[in-house]
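Here's a quick briefing on pockets, one helix and a few salt bridges. Have the structure open while you read.

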Amino acid sequence: MTTRTSRDSGDTAWVLDPILEIPHVRAAVLLTLDGLVSGYSDRLSRPSAERTAAIISTVQGACRSAAATFADRDTAEVRQVVIESDHGYILVAPTRHGTCVAAYGDPEVRLDLLAHRVHSQVARLGEKAMSAAPRGTDGDVTAG
């Protein structure tokens with residue numbers, strides 16, 4: 001069995017590699033909520049990762065709209081999206097900081113383990129974003 005790793009698109013391996021270690025996980029993408037790729041697994045080409053990110057962004061928007069409409073509200077926050085198909089599962093979890101993790105596992109993947117690992121990594125992303133020093137408009141760290 002070969003080890004799957006993420007492609008270097010900045011410092012993203014720490015986010016995706018723990019997800020890719022789960023048996024039967026085939027691919028993962030780190031993306032912005034507006035559909036731009038931040039990192040992706042080596043099983044995807046760059047064009048496939050970009051297409052996946054664009055589709056996942058669209059799916060999330062549709063899910064937010066559907067959740068708000070069903071609840072008769074103006075907005076809704078999506079915590080996760082799970083897509084089950086004959087090819088396996090896609091699990092998507094957004095962060096509160098403008099990023100999103102999407103992972104794909106074949107039909108044999110343990111969905112509970114995948115969900116736990118994806119949400120753990122989303123939490124780590126949030127912790128890292130919260131620990132980043134705020135910057136002023138000129139790029140300098142602000143005094144606080």
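**Pockets, a helix and salt bridges**

With 4 residues, helix 3 is the biggest contributor to the lining of the largest pocket. One thing to keep in mind as you go: this is a predicted model. The rest of the briefing covers that pocket, the next one down, helix 2 and the salt bridges.

**Largest pocket**

- The largest pocket holds about 290 Å³ of space.
- Two elements, helix 2 and helix 3 (111-131), give two or more residues each to the lining of the largest pocket.
- Its lining has 14 residues, and those nearest the centre are Glu77, Val78, Pro94, Thr95 and Arg96.
- By chemistry, the lining of the largest pocket splits into 5 nonpolar, 5 polar and 4 charged residues.

**Second largest pocket**

- For the second largest pocket, the volume comes out at about 220 Å³.
- The residues lining the second largest pocket include Arg26, Val29, Arg43, Leu44, Thr52, Ile56, Ile90 and Tyr104.
- Strand 2 gives the most to the lining of the second largest pocket, 4 residues, while strand 2, helix 2 and strand 6 each bring at least two.
- The lining of the second largest pocket divides into 9 nonpolar residues, 1 polar and 2 charged.

**Helix 2**

- Does the length of helix 2 add up, or what should its 25 residues (46-70) span at 1.5 Å a residue? The expected figure is 36 Å, and the end C-alpha atoms sit 36 Å apart, so the two agree.
- Which residues of helix 2 are buried? They are Ala49, Ala53, Ile56, Ser57, Gln60 and Ala68.
- Those buried residues of helix 2 pack against strand 2 (25-32), strand 3 (37-41), strand 5 (88-94) and strand 6 (99-105).
- Ile56 turns up twice here: as a buried residue of helix 2 and in the lining of the second largest pocket.
- Just past the end of helix 2, Asp72 has a positive phi of about 55°.

**Salt bridges**

- Searching the whole structure turns up 4 salt bridges; here are some of them.
- Asp106 pairs with Arg26, with 2.7 Å between the closest N and O atoms. This pair ties together distant parts of the chain, 80 residues apart: Asp106 is in the loop between strand 6 and helix 3, and Arg26 is in strand 2.
- Buried or partly exposed, for the two partners? Asp106 has a relative accessible area of 11%, so it counts as buried, whereas Arg26 is partly exposed at 22%.
- Arg26 also appears in the lining of the second largest pocket.
- Arg46 and Glu50 form a salt bridge with an N to O distance of 2.9 Å. Because they sit 4 residues apart in helix 2, about one helical turn separates Arg46 from Glu50. In general, an α-helix has 3.6 residues a turn, so residues three or four places apart point the same way.
- Both ends of that helical pair are partly exposed, with relative accessibility of 33% for Arg46 and 40% for Glu50.
- Arg96 and Glu77 make a salt bridge through their side chains, at 3.7 Å from N to O. The two come from distant parts of the chain, 19 residues apart: Arg96 lies in the loop between strand 5 and strand 6, and Glu77 in the loop between helix 2 and strand 4 (81-85).
- Arg96 and Glu77 are both exposed, and both are among the residues nearest the centre of the largest pocket.

Notes. Residues numbered from 1 in each chain as written. Predicted model: local features only at pLDDT ≥ 70, side-chain atom pairs only at ≥ 80, totals over all residues. Heavy atoms only, no water. Expected span 1.5 Å × (residues − 1). Buried < 20%, exposed > 50% of the residue type's maximum accessible area, 1.4 Å probe, protein only. Contact = heavy atoms within 4.5 Å. 1 Å grid on protein atoms, 1.4 Å probe; cavity = no way out; pocket = protein on both sides within 12 Å on 5 of 7 lines; lining within 4 Å. Points joined across faces, edges and corners; volume = space filled by probe spheres on them. Nonpolar A, V, L, I, M, F, W, Y, C, P; charged D, E, K, R; others polar.
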